[in-house]
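Please look at the model shown below and keep it in view while you read this report. The text begins with the surroundings of the ligand and then turns to a residue in a helix.

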Amino acid sequence: MALARKDLLGIKDLTPEEINLILETAGPMKEILGRDIKKVPTLRGKLVVLLFYEPSTRTRTSFELAAKYMGADTVNFSPAASSVEKGESLKDTAQTLEAMGADAVVIRHRSGGAAAFLARTLKAAVLNGGDGMHEHPTQALLDMFTIKEKLGRLEGIKVAIVGDILHSRVARSNIYGLTKMGAEVRVVGPPTLLPPDIEKLGVKVFFRMEEGLEGVDVINMLRIQKERQERGLFPSLREYMNLYKLTAQRLKLARPGALVLHPGPINRGIEIDPEVADGMQSVIKEQVTNGVAVRMALLYLMIGGGK
Ligand code: CP
């Protein structure tokens, strides 16, 4: 079965059937990651360009590994060392890379809509690696894969997404995906870090951690985005930590054995205590491994044999 779309721009556009197809394809990809020789020829002869205008560790590295494990060539484009510094536009940069033979372009950009703009410009597949405060679809897909792998289902589970929802593309993509797949989604945070009318996305809103975590199956802790933080959205980091940090004590409010997720990078000791981040219920490292499998699945479905 194929993914009948050229680009992956957001989870909002995907059907539950498409999400299921991606998650089901990621399973066999994870099996490849467990082998001694992690190489299959599925994407031999293909070129994947990584066009990252914002810093990234997990997304960029895992896309690069995903492409390489399937035999593709990769180009790691660094704006700071390119003609972007001389004023070259996003469109001209992308078209130049396409003229060199790119089959897929993975883009991360500070502007929401940058991936969609590129998708209209290029014949190559465009995969959104995070655009501004809009969406981070591959993060949501790897989060859903991790939850489904651990709990066996997404339908009917309760997920609390905690923290800076306002600035979070991870939160938005998770909300779209989990609600489509039949999960109950709660958002938990201070009123100043929750977008107005967020309930219209089908989520329940909680201002107090103690209420929002009650009985949930999954807690997805968000990073406090200091780089996107306007001044004064909460009185101080200390007050934020007092009210919203995930501690071992607060974790007990959730269902016993509830999963702890975090997209990374972690501000240790600010939104999550290290003992919880590294504890038995944390699946943060598995999220990273699963990120490679999910990105392999996407490249396979979009430019490989699954096309
Ligand atoms: N979760 C995530 O997007 O991490 P990076 O910024 O390291 O890619």
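## The shell around the ligand

Sorted by class, the shell around the ligand in this predicted model holds six polar residues, two charged residues and one nonpolar residue, where Ala, Val, Leu, Ile, Met, Phe, Trp, Tyr, Cys and Pro count as nonpolar, Asp, Glu, Lys and Arg as charged, and the others, Gly among them, as polar. The residues around the ligand, each with a heavy atom within 4 Å of it, are Ser56, Thr57, Arg58, Thr59, Arg108, His136, Gln139, Pro263 and Gly264.

Residues are numbered from 1 along each chain as its sequence is written, and side-chain values use heavy atoms, with hydrogens and water left out. Because this is a predicted model, local features need pLDDT of at least 70 and side-chain atom pairs count only at pLDDT 80 or more, whereas totals for chains, interfaces and linings use all residues.

## Atoms that face the ligand

A backbone N or O atom of Thr57 lies 2.8 Å from an oxygen atom of the ligand, while a backbone N or O atom of Pro263 lies 2.8 Å from a nitrogen atom of the ligand. From the side chain of Gln139, an N or O atom is 3.0 Å from a nitrogen atom of the ligand.

## Thr146 in helix 5

Helix 5, a DSSP run (H or I, at least four residues), spans residues 137-151 and includes Thr146. Thr146 counts as buried (under 20% relative accessible area, 1.4 Å probe, protein chains only) because its relative accessibility is 0%.

The side chains of Thr146 and Asn290 are joined by a polar contact of 3.0 Å, that is, a pair of N or O atoms within 3.5 Å of which one must be able to donate a hydrogen and the other to accept it.

Note on methods: Helix = DSSP H or I, 4+ residues; strand = E, 2+ residues; numbered from the N terminus. Buried < 20%, exposed > 50% of the residue type's maximum accessible area, 1.4 Å probe, protein only.
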